[in-house]
Amino acid sequence: MKKFINLLIVALSAVITVSCLIRDTPSVEFSEESYIVPAAGGELIIPVHSTGVDDVTVKFSDRANWEVDDNGDMIPTEGWLKIVKIVDRYNATRDLAAWTSGIAVTIEPNEGNFERTAYITVNSFTAYSTVRVTQSGAFVE
């Protein structure tokens with residue numbers, strides 16, 4: 001009986017030690033720091049390695065999502081970059097799984113002469129990361 005108790009204590013200690021080595025903490029990382037897209041626009045899938053995508057937001061660094069009327073008033077419009085879907089490739093191996101997902105976006109053509117920039121932020125639990133998408137402008141000859 002004493003050997004059984006000692007063996008149980010050793011086994012329990014091993015389980016506790018191994019479980020403490022695996023840290024399940026929220027994380028989000030993009031494969032690239034930024035993306036440059038042509039003026040023609042199109043579709044883009046941005047890979048993101050995370051513990052699950054909870055939310056995706058887009059912020060524009062210019063006034064591309066505002067229209068100015070004849071009075072000079074700003075009216076909100078649709079932005080030039082839109083989230084189409086979150087592509088989920090789930091492959092769980094731990095309690096708080098980590099896998100690679102993709103953020104599918106569509107980008108409207110840029111008919112202006114200036115480049116424009118958007119920032120896509122992905123949240124996973126309390127972690128977040130941001131990637132920059134820059135679209136070149138159309139050049140007038």
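Read along the sequence, the chain runs α-β-β-β-β-β-β-β-β-β-β. The model is predicted. Its secondary structure amounts to 1 helix and 10 strands. The chain has 141 residues, and 30% of them count as buried. Among contacts with a separation of 6 or more, 64% are between residues 24 or more positions apart.

Four strands form an open sheet. Their order is 1-3-8-7, and the pairing is antiparallel. Strand 1 (28-30) and strand 7 (81-88) are the edge strands, and each pairs on one side only. On average, neighbouring strands of this sheet are turned by 30° against each other, direction ignored. In general, strands of a sheet pair through backbone hydrogen bonds, either parallel or antiparallel. Strand 1 and strand 3 (residues 42-50) run antiparallel and are joined by 3 bridges. Glu29 has His49, in strand 3, as its bridge partner.

Ser27 lies in the loop between helix 1 (2-21) and strand 1. Its relative accessibility is 26%, so Ser27 counts as partly exposed. Setting aside residues up to four places away in sequence, Ser27 touches His49, Ser50, Thr51, Ser124 and Ala127. His49 is also the bridge partner of Glu29. The C-alpha atoms of Ser27 and Ser129 are separated by 8.6 Å, although these residues are 102 residues apart along the chain.

The largest nonpolar core has 21 residues. Ile46, Leu81, Ile103, Ile107, Ile120 and Val122 touch the most other members. Two or more residues each come from strand 1, strand 2 (34-37), strand 3, strand 4, strand 8 (99-107), strand 9 (116-124) and strand 10. In soluble globular proteins, nonpolar side chains tend to be buried together. The contacts of Ile107 can be listed in detail. Leaving aside neighbours within four places in sequence, Ile107 is in contact with Val37, Gly41, Gly42, Leu44, Trp80, Leu81, Val133 and Gln135. Leu81, in this list, is another of the core residues that touch the most other members.

A search of the whole structure finds 1 aromatic pair. Phe60 and Trp80 form this pair, which is tilted. The ring centres are 5.7 Å apart, with 55° between the planes. The pair links distant parts of the chain, with the two positions 20 residues apart in numbering. Phe60 is in strand 4 (residues 55-60), whereas Trp80 is in the loop between strand 6 (74-76) and strand 7. Both Phe60 and Trp80 are buried. Trp80 is also in contact with Ile107.

Gln135 is found in strand 10 (residues 127-135). Its relative accessible area is 0%, so Gln135 is buried. Two polar contacts of its side chain were examined. The side chain of Gln135 reaches the backbone oxygen of Ala39 at 3.2 Å. A polar contact of 2.7 Å joins the side chains of Gln135 and Arg116. Neighbours within four places in sequence aside, the residues in contact with Gln135 include Val37, Pro38, Ala40, Gly41, Glu108, Pro109, Asn110 and Glu115. Trp80 and Ile107 are also in contact with Gln135. Trp80 thus appears in two settings: Trp80 pairs with Phe60, and Trp80 touches Gln135.

How values were computed
Residues are numbered from 1 along each chain as its sequence is written. This is a predicted model: local features need pLDDT of at least 70, side-chain atom pairs count only at pLDDT 80 or more; totals for chains, interfaces and linings use all residues. Side-chain values use heavy atoms; hydrogens and water are left out. Two strands pair if DSSP finds at least two bridges between them. Axes are lines fitted to C-alpha atoms, for helices over the stretch in contact, and angles run from 0 to 180 degrees between N-to-C directions. Buried means under 20% relative accessible area, exposed over 50%, partly exposed in between (1.4 Å probe, protein chains only). Contact means heavy atoms within 4.5 Å. A polar contact is a pair of N or O atoms within 3.5 Å; within protein, one must be able to donate a hydrogen and the other to accept it, and residues adjacent in sequence count only if both atoms are side-chain atoms. Rings of Phe, Tyr and Trp (its six-membered ring) pair if their centres lie within 6.5 Å; planes under 30 degrees apart count as stacked, over 60 as edge-to-face and the rest as tilted. A nonpolar core is a set of buried Ala, Val, Leu, Ile, Met, Phe, Trp, Tyr and Cys residues joined through side-chain atoms within 4.5 Å.
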